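Subject: Structure handover

Hello,

Here is the structure for you to take over. Please open it first, then read the notes below it.

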Amino acid sequence: MKIAVIIEYDKEAHRLFVGGVNAMVKKIQPTAIVVCGKCPEWIAKKFPDIQVVKIKNHSEMWHEREKNKWADTED
């Protein structure tokens, strides 16, 4: 099983990311793509035979913990 890890940072990185995904898929033919942070919806649509694994980044996990912490105190 081959897995490619991809991280998206900013607009310029996004442009490079989009340009590189096709080359990556063609070259290593992964069975799964791991995306940390916001996952572009087009990846799963463009590559339906490749599993997309979504992992929350630190900021997303922090916001979720804070939201849950405040939800517990609202009674």
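What follows is a short account of what was found, from the overall fold down to single residues.

**Overall**

This is a predicted model. The protein has 3 helices and 3 strands. Along the sequence they follow the pattern β-α-β-α-β-α. There are 75 residues in the protein, and 24% of them are buried. About 6000 Å² of the protein is exposed. Carbon and sulfur atoms supply 57% of that area.

Contacts across the sequence also deserve a line. Take the contacts with a separation of 6 or more: 42% of them link residues 24 or more positions apart.

**The core**

Which residues make up the largest nonpolar core? There are 10 in all: Phe17, Val21, Met24, Val25, Ile33, Val35, Cys39, Ile43, Phe47 and Ile50. Helix α1 and strand β2 each supply at least two residues of this core. The largest share comes from α1, with 4 residues.

Strand β2 is mostly covered. Of its 5 residues, 4 are buried.

Cys39 belongs to the core too. Leave aside its neighbours within four places in sequence, and Cys39 is in contact with Val52 and Lys54.

**Strands β2 and β3**

β2 covers residues 32–36, and β3 covers residues 51–55. The two strands run parallel, and 5 bridges join them. One pairing to look up is Val35, whose bridge partner in β3 is Lys54. Between the two strands, the chain passes through helix α2, residues 41–46. This β-α-β crossover is right-handed.

Gln51 sits in strand β3. How much of Gln51 is accessible? Its relative accessible area is 46%, so Gln51 counts as partly exposed. Gln51 and Val34 are 17 residues apart along the chain. Their C-alpha atoms are separated by 8.4 Å.

**Helix α1 and the loop after it**

Helix α1 spans residues 11–28. Val18 is in this helix. Val18 is not among the core residues listed above, and the reason is its accessibility: at 32% relative accessible area, Val18 is partly exposed, whereas a core residue has to be buried, which means under 20%. Val18 and Ile43 are 25 residues apart in sequence. In space they are 9.3 Å apart, C-alpha to C-alpha.

Next, look at Gln29. This residue lies in the loop between α1 and β2. Its phi is near 45°, a positive value in a residue other than glycine. Most residues other than glycine have a negative phi. Is Gln29 buried or exposed? Gln29 counts as exposed, because its relative accessibility is 59%.

**Helix α3 and the salt bridge**

Helix α3 covers residues 58–73, and His58 lies in it. His58 has 58% relative accessibility, so it counts as exposed. His58 and Cys36 are 22 residues apart in sequence. From C-alpha to C-alpha they are 9.3 Å apart.

How many salt bridges does a search of the whole structure find? The search finds 1. In it, the side chains of Lys56 and Glu64 meet, at 2.2 Å from N to O. Side chains of opposite charge can pair when their charged atoms come close. Lys56 counts as partly exposed, because its relative accessibility is 41%. Glu64 is at 38%, so Glu64 counts as partly exposed as well.

**Where to start**

For a quick tour, begin with the 10 residues of the core. Then follow the chain from β2 through α2 to β3. Stop at Gln29 for its positive phi. Finish at the salt bridge between Lys56 and Glu64.

Best wishes

Methods:
Residues numbered from 1 in each chain as written. Predicted model: local features only at pLDDT ≥ 70, side-chain atom pairs only at ≥ 80, totals over all residues. Heavy atoms only, no water. Buried < 20%, exposed > 50% of the residue type's maximum accessible area, 1.4 Å probe, protein only. Contact = heavy atoms within 4.5 Å. Areas by Shrake-Rupley, 256 points an atom, 1.4 Å probe, with all protein chains shown as cover. Core = buried A, V, L, I, M, F, W, Y, C linked by side-chain atoms within 4.5 Å. Pairing = 2+ DSSP bridges. Right-handed = clockwise from strand over helix to strand, strands pointing away. Salt bridge = Lys/Arg side-chain N within 4 Å of Asp/Glu carboxyl O.
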